[in-house]
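Colleague: Got a minute to go through this model with me? I'd like to know how the parts fit together.
Modeller: Sure, let me put it up.

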Amino acid sequence: MTTRFFGAPIKRNEDKKLLTGRALFIDDVELPGMVHAAFLRSQVAHARIKHIDVSEALKRDGVIAVYTAHDLGPYWQPGPLLVPPPPIPGSIFNTRTHVPLAKDMIRCAGEPIAIVVAENRYIAEDALDDIAVELQILPAVVDLEKALQKGSALVHDDLGNNVAAHVRQTKGDYARAAAKAHRTIKRRFRYEHGISSPIETRGVVAQWDARAEHMTVWDTTQAPVFVRNVLAGALGLGEAQVRVIAPFVGGGFGPKIMMLYPEEATLPWMAMRLNRPIKWIEDRFEHFVATTHERGQIHDAEIAVAKDGRILGVKDIFLHDNGAYNPYGLTVPINSQCTLLGPYVIPAYDSTFTSVFTSLTIVTPYRGAGRQHGVFVIERLLDLAARELGIDPAEIRRRNLIPKDAFPFNNEIIYQDFAPLSYDSGNYEPVLDRALAAIGYDHFIKEEQPKLRAQGRCVGVGLACYVEGTGIGPYEGAKVQVRTNGKVSVATGVGTQGQGHFTSFAQIVAEQLGVDVTDVDIVTGDTDRFYWGAGTFASRGAVVAGNAVNEASLVVRKKALKLASEAFECSEEDLVLADGKVSIIGIPEKFIRLGELAQRANPMRGAVKPGTEPGLESTQYFGPPSGSTANGVHAMIVEVDPETFQLQILKYVVVHDCGTVINPMILEGQIHGGVAQGIGNAFYEKLSYDDQGQLLNASLADYLLPTSLDVPRMTLDHTVTPSPLNPLGIKGAGEAGAIPVGPLFAQAIEDALQLGDRGIELLEIPLSPSRVFELIGEGKAE
Ligand code: MCN
């Protein structure tokens with residue numbers, strides 16, 4: 001492929017619409033006769049519902065209907081299990097999926113109990129106060145370790161314990177590795193709960209057309225095809241009777257995949273019943289309690305190292321907070337388990353996790369999807385080993401990197417795509433070298449840091465490496481169609497939440513069909529425009545949908561050349577496709593425009609020849625055999641105020657390898673956004689619960705997000721090791737920025753405050769100034 005468009009930093013096609021306010025977001029959908037829903041949500045985390053009285057709510061002017069679980073009749077069903085567990089021998093997996101409305105039991109605060117439908121949202125919200133719910137309050141399950149102790153309250157009585165899953169995966173023999181190790185180092189690591197905070201919260205609009213017997217649902221989902229399929233089944237409709245449209249979506253970051261949320265299940269049902277369009281837009285408080293969370297884990301991990309710093313083995317036993325239900329299977333803890341192995345040769349690995357039901361909001365993937373935790377543990381273990389062995393942190397990493405001739409590198413354990421965790425390609429050492437050079441590592445530790453320390457300034461450096469499984473299947477498809485006006489339409493089944501698909505996919509098409517990027521129209525997230533697909537998650541859009549777009553474009557290209565060769569009565573080899581037309585090489589005035597070829601491809605006279613289909617178009621699918629593995633190194637220099645522990649990032653470097661790059665500018669945006677979220681996760685964001693399972697900081701006034709002032713300018717650099725698993729050589733990039741930020745903070749703060757010398761270790765995330773203050777206080781007290 002040439003590189004006029006593919007690989008160029010082309011400005012985004014979609015930005016004109018977005019910046020001029022013409023992009024359709026869910027709350028822009030206004031339909032005649034539309035009514036509005038508000039959800040009564042549980043204020044307690046665990047309770048038995050004894051009685052619900054909605055009679056007062058029904059009397060309020062403007063209220064149209066009030067529904068509880070009992071009104072749903074047979075429609076009340078636990079939600080689907082989205083991802084079945086991988087076949088790992090000896091594993092336990094107890095499925096308990098969420099329900100559309102709590103019937104007898106409430107298992108987390110925020111769980112919906114009743115819905116009011118009214119002429120407007122104000123009335124609906126007011127009427128929620130009229131509903132009387134009698135509850136028997138039960139003890140909440142909040143502490144992960146206590147949840148597994150005998151006598152703990154049970155989130156699901158029928159289970160007899162709070163084990164959602166138990167999985168052990170091993171490679172090599174850790175006991176032997178530990179026995180011959182020079183040192184074994186064991187620590188406890190803790191990662192707190194967090195939440196994605198998209199600018200746009202969730203929302204659903206449903207419209208039932210009784211005459212056509214057709215349902216249209218506008219939904220902020222990341223996986224419209226799945227929502228369509230599940231909804232159709234639940235509503236007793238054929239898939240073709242349901243259209244799900246994910247319009248422009250203002251950020252998804254993972255939690256918007258989780259179908260069917262109660263609101264996604266109930267709005268279409270109510271629209272059918274009331275025969276009126278109905279809207280619900282999540283408010284920010286609801287987002288805190290009713291959209292899925294991420295991140296609560298406790299790891300007891302041990303590393304066995306040789307004298308020269310080589311890793312002999314790692315053992316990790318961890319608890320994963322699953323929340324109240326587990327519709328998302330094991331994706332998050334499996335990612336933590338697999339990602340811990342990083343870019344290193346780890347001959348022995350013994351990892352066991354227990355996923356625990358608690359009375360908290362459901363946990364599903366959020367950008368990084370559990371990979372942060374694994375990276376945090378291994379990178380911190382390496383820092384500790386470096387300190388104990390007197391080896392430089394960069395050097396210990398270098399000594400353990402998988403060599404470039406070892407690929408494909410099979411890590412043996414099973415990854416979330418059910419295939420063995422095999423790294424398809426990589427060249428890790430140059431990535432580390434470039435990161436060290438860009439941050440000025442040697443100069444900093446040898447000259448700058450001592451000089452600044454002599455001036456009383458607390459400056460430190462952090463370094464973290466990671467490998468990220470991206471671009472998993474099963475498949476995506478694309479339809480590429482040249483229209484008679486010469487423009488190209490492309491439709492695919494993925495949804496878009498800001499990743500720039502409208503441009504990057506257009507670049508692939510433009511390259512293959514010789515048209516301008518602005519002449520390619522991309523449609524994502526509309527099940528009537530593209531029928532099959534899985535969705536946008538796991539940094540797979542570029543790999544899976546991108547390659548499907550490429551395959552379809554190639555077929556269209558072939559068709560165009562064939563049609564032109566027939567028209568010119570010449571060989572296809574004598575033709576060139578560029579600037580929207582096919583011309584004869586060396587005779588540029590002899591050309592046919594693509595639009596004209598599109599007309600010819602739809603003959604109005606004569607028969608369609610066997611084996612051909614009308615239209616200058618093609619629909620193709622692509623499914624990779626397994627995920628491709630991107631990798632990178634982040635490095636950061638910080639200055640910490642020794643009194644307030646406020647932190648200033650002086651320099652931030654990302655060196656990254658995601659195979660072939662479609663659009664370096666979009667990629668940089670993706671990395672910037674990821675790092676910003678990583679900084680939030682590492683430094684600010686913590687959902688605080690009390691022992692009753694009450695979220696104490698469910699507002700953006702109390703749950704701190706980084707602002708633009710907290711996100712530094714970054715130096716970004718890329719190496720390119722193409723993936724052999726897809727024709728374009730792409731690996732995913734959408735989550736990379738967020739993954740290694742935690743250990744970077746811990747290491748840089750420790751270094752800046754010289755905590756190692758005082759025996760204080762930062763082994764948890766987030767590390768807010770107040771938490772660092774507490775930890776240092778605790779360290780001093782010891
Ligand atoms: N890209 C590229 N070259 C590559 C890889 C990617 O140019 N080698 C470009 C792609 O063309 C695409 C973008 O980078 O436009 C992201 O591609 P990819 O890594 O395939 O990620 P997805 O398209 O699958 O998007 C999902 C990913 C995930 S999992 C989360 S979470 C996330 C993310 O993307 N959520 C986002 N980035 C986000 N960005 C925004 N603005 N909003 C979100 O909700």
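Modeller: Keep in mind that this is a predicted model. Let's begin with domain 2 and domain 3: the area buried between them is about 2800 Å², and carbon and sulfur atoms give 67% of that area.

Colleague: Where do domain 2 and domain 3 sit along the chain?
Modeller: Domain 2 covers 33–138 + 196–290, and domain 3 covers 297–472 + 625–781. There's also domain 1, made up of 15–22 + 473–622.

Colleague: How many residues of domain 2 and domain 3 are in contact?
Modeller: On the domain 2 side it's 35 residues, and they are in contact with 34 residues of domain 3. The C-alpha centres of the two domains lie 35 Å apart.

Colleague: And how many salt bridges are there between domain 2 and domain 3?
Modeller: The count there is zero. The structure as a whole holds 46 salt bridges.

Colleague: OK, show me one of those. What does Asp 350 meet in a salt bridge?
Modeller: The side chain of Asp 350 pairs with that of Arg 168, at 2.7 Å from N to O. Asp 350 is in strand β16 (residues 348–357) and Arg 168 is in strand β8 (residues 163–171), so this pair ties together parts that are 182 residues apart in sequence.

Colleague: Switching to helices. How do α10 and α18 pack, parallel or antiparallel?
Modeller: α10 (residues 371–389) and α18 (residues 741–752) pack at an angle of about 30°, and their axes are 8 Å apart. Angles under 35 degrees count as roughly parallel, so α10 and α18 are roughly parallel to each other.

Colleague: Which residues meet there?
Modeller: From α10 you have Val 375, Phe 376, Glu 379, Arg 380, Asp 383 and Arg 387. They meet Gly 742, Pro 743, Ala 746, Gln 747 and Glu 750 of α18. By type, that contact divides into four nonpolar, two polar and five charged residues.

Colleague: Now the backbone. Which residues does a cis peptide bond join?
Modeller: One cis bond joins Phe 407 and Pro 408, with omega about -5°. Pro 408 is in the loop between α11 (393–400) and β17 (409–414). Another joins Gly 473 and Pro 474, with omega about 10°, and Pro 474 is in the loop between β19 (459–470) and β20 (476–482).

Colleague: Why point those out?
Modeller: Because most peptide bonds are trans.

Colleague: What about phi at Ser 539, positive or negative?
Modeller: Positive, about 45°, although Ser 539 is not a glycine. Most residues other than glycine have a negative phi. Ser 539 lies in the loop between β22 (520–524) and α15 (541–568).

Definitions and conventions:
Residues are numbered from 1 along each chain as its sequence is written. This is a predicted model: local features need pLDDT of at least 70, side-chain atom pairs count only at pLDDT 80 or more; totals for chains, interfaces and linings use all residues. Side-chain values use heavy atoms; hydrogens and water are left out. Axes are lines fitted to C-alpha atoms, for helices over the stretch in contact, and angles run from 0 to 180 degrees between N-to-C directions. Helices (H or I, at least four residues) and strands (E, at least two) are DSSP runs, numbered from the N terminus. Angles under 35 degrees count as roughly parallel, over 145 as roughly antiparallel, 65 to 115 as roughly perpendicular and the rest as oblique. Contact means heavy atoms within 4.5 Å. Ala, Val, Leu, Ile, Met, Phe, Trp, Tyr, Cys and Pro count as nonpolar, Asp, Glu, Lys and Arg as charged, and the others, Gly among them, as polar. Domain bounds come from an automatic or database domain assignment. Buried area is the accessible area (1.4 Å probe) that two parts lose on being put together, summed over both. A salt bridge is a side-chain nitrogen of Lys or Arg within 4 Å of a carboxyl oxygen of Asp or Glu.
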